[in-house]
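Work through the exercises below with the sequence and the model open side by side. Try each task before reading its solution.

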Amino acid sequence: MLRKIRITLAVICFALITLLLLDFTGTLHTWFGWLARIQFLPAVLALNVAVVASLVVLTLLLGRVYCSVICPLGVFQDIVSWLSGRRRKYRYRFSYSPAKRWLRIAVLVLFVAAIAAGIGSLVALLAPYSAYGRIAANLFAPIYRWGNNLLAYFAERADSYAFYQTDVWLKSLPTLLVAAATFIVLVVLAWRGGRTYCNTICPVGTVLGALARYSLFRPVIDERKCNSCTLCARKCKASCIDAARHRIDYSRCVACMDCIDTCRHGAISYRLRELRPKQDETERRGGKAAAAHAEAPADPARRSFLTGAGLLLGSAALHAQEKKVDGGLAVILDKKVPARHTPIVPPGAVSLRHMAAHCTGCQLCVSSCPNGVLRPSSGLMTLMQPESSYERGYCRPECVVCSEVCPAGAILKITPAEKSAIQVGRAVWVRDNCVPLTDGVACGNCARHCPTGAITMVLSDPERADNPKIPAINEERCIGCGACENLCPARPFSAIYVEGYTYHRTI
């Protein structure tokens, strides 16, 4: 019964989080956006004390339920492992293996160091929610959108507009390659070893595992009923049941309840742990050797686990303080990305440093952006973190979707009124690309579409009234929305582009 409840909740959470990452309409975030905010690492980076405290209490009470129900990457591995286990020959393919504590500690220390140093690319590689986010956004989303476009095609021919066409395009080749590599590694590990990734590499699993050692409720083996058939150990995808010694490594147990469902003698039950160790029958008879064998060995790595968890929370707290248009004037060609000296990050991101320190690269804002502005960075230090680019659209002043969906506090929630006063960059005019000067015809697209009136058209030569007009930019009014860059008819490079600000300004 417990296993069925766990599976039901896990499937619901997994399906809804996946749909959040695939949804391009923004409707699901209104109802289920909270599922992204209860992910452990984003909540820590956002200093969401209520969520972090709730997850800690949940783990201390029930064990690593987060890993088996809430974390989408954990559930994804369970699905792969379940498919592998459907083969009759491999139903009971697991076996107990000692915990690789040195590897878990090393990865956790490296992860904490990456957060402290602001190396967002490494954080994004190791964070479980981010890993699943880039898989869903880069591998599953195109299939989802192609399916939507197919439905839209048939619906249109039936005079129905319940569906509409959406573009499917490559937002970042490096991120796609990383997502594909992550997908392959996870599938191979889960297919062969179940929860290998969770119990050797995942830093969140390591932190929660340290807490789960003291959980009040846990699976317990009753030695009097156990006949040492080892079915529980061979079914345990966490490889944490030592059937020979009748022990469970609770730092690796993800509370999946598979062992309880597998045991044919009712020797394993999920119950309140005994605060005092129960005396063994041989100990009551005075057998000192047997009593020493039954006594749980001290764990020298316990302090290291708890220290790593403290470093993770402390580091996050420290950092928290601190469609193409041609205008009728040029041949329609694909626009090329200008060489920006400073990247552009969305309004609400505060600064490049704030973005690097908080973003986990989960791709939720990228997949949710309705204007096609956000895409993953290709920079080594900020790999997979969102940047703004205006080849396919511009950042409309009334749109604040990215600030509403960000679960990690990398993009702070803002209102449309606040967004209209935030300068993320400034427009820069490139004389050699401007259509009035290159083709000798009037344009003014940039001035007509500037939402803040920061661009006006002036005579290129004030002394001659018949000269073509060129744009003049008032940097004090420009907010860097990219409307001018996106709607400029010049190809392949716009005659006006946006250069980012390291720190955002308010006008």
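**Exercise 1. Place Val-168 by accessibility, chain position and contacts.**

Val-168 has a relative accessible area of 33%. The cut-offs are under 20% for buried and over 50% for exposed, with partly exposed in between (1.4 Å probe, protein chains only). Val-168 is therefore partly exposed.

Next, find the residue in the chain: Val-168 sits in the loop between H10 and H11. Helices (H or I, at least four residues) and strands (E, at least two) are DSSP runs, numbered from the N terminus. This is a predicted model, in which local features need pLDDT of at least 70 and side-chain atom pairs count only at pLDDT 80 or more, while totals for chains, interfaces and linings use all residues. Residues are numbered from 1 along each chain as its sequence is written, and side-chain values use heavy atoms, with hydrogens and water left out.

Then list the contacts, where contact means heavy atoms within 4.5 Å. Not counting residues up to four places away in sequence, Val-168 touches Pro-142, Arg-145, Trp-146 and Asn-149. Finally, compare with Tyr-144: the two residues are 24 apart in sequence, and their C-alpha atoms are 9.8 Å apart in space.

**Exercise 2. Describe how H1 and H10 cross, and which residues make the contact.**

Two packed helices are described by the angle between their axes and the distance between the axes. Axes are lines fitted to C-alpha atoms, for helices over the stretch in contact, and angles run from 0 to 180 degrees between N-to-C directions.

Step one is the geometry. H1 covers residues 2-22 and H10 covers residues 128-157; their axes come within 8 Å and cross at roughly 65 degrees.

Step two is the class of angle. Under 35 degrees counts as roughly parallel, over 145 as roughly antiparallel, 65 to 115 as roughly perpendicular and the rest as oblique. H1 and H10 are therefore roughly perpendicular to each other.

Step three is the hand. A crossing is left-handed if the near helix is turned anticlockwise from the far one by less than a right angle, and right-handed if clockwise. The crossing of H1 and H10 is right-handed.

Step four is the contact itself. H1 supplies Phe-14, Ile-17, Thr-18, Leu-19, Leu-21 and Leu-22, and H10 supplies Tyr-129, Tyr-132, Gly-133, Ala-136, Phe-140, Ala-141 and Tyr-144. By class, this gives 11 nonpolar, two polar and no charged residues. Here Ala, Val, Leu, Ile, Met, Phe, Trp, Tyr, Cys and Pro count as nonpolar, Asp, Glu, Lys and Arg as charged, and the others, Gly among them, as polar.

**Exercise 3. Repeat the analysis for H10 and H11.**

H11 spans residues 173-193, and it packs against H10 at an angle of about 115 degrees with the axes 9 Å apart. The two helices are therefore roughly perpendicular to each other. The hand of this crossing is left-handed.

From H10, the residues in contact are Ala-131, Arg-134, Ile-135, Asn-138, Leu-139 and Phe-140. They meet Thr-175, Leu-176, Val-178, Ala-179, Ala-180, Thr-182, Phe-183 and Leu-186 of H11. Sorted by class, the contact has 10 nonpolar, three polar and one charged residues.

**Exercise 4. Is Ser-130 buried or exposed, and what does it touch?**

Ser-130 lies in helix H10. Its relative accessibility is 1%, so Ser-130 counts as buried. Setting aside residues up to four places away in sequence, Ser-130 touches Ala-124, Thr-360, Gly-361 and Cys-362.

**Exercise 5. Describe the surroundings of Asp-249.**

Start with the location: Asp-249 is in the loop between strand E3 (247-248) and helix H15 (258-262). With a relative accessible area of 11%, Asp-249 is buried.

Now look for polar contacts. A polar contact is a pair of N or O atoms within 3.5 Å; within protein, one must be able to donate a hydrogen and the other to accept it, and residues adjacent in sequence count only if both atoms are side-chain atoms. The side chain of Asp-249 makes one with the side chain of Arg-252, at 2.9 Å. Beyond neighbours within four places in sequence, Asp-249 is in contact with Ala-99, Arg-213 and Cys-240.

**Exercise 6. What is the peptide bond from Arg-491 to Pro-492, cis or trans?**

The bond is cis, with omega near -5 degrees. Pro-492 is located in the loop between helix H25 (483-487) and strand E10 (496-506).
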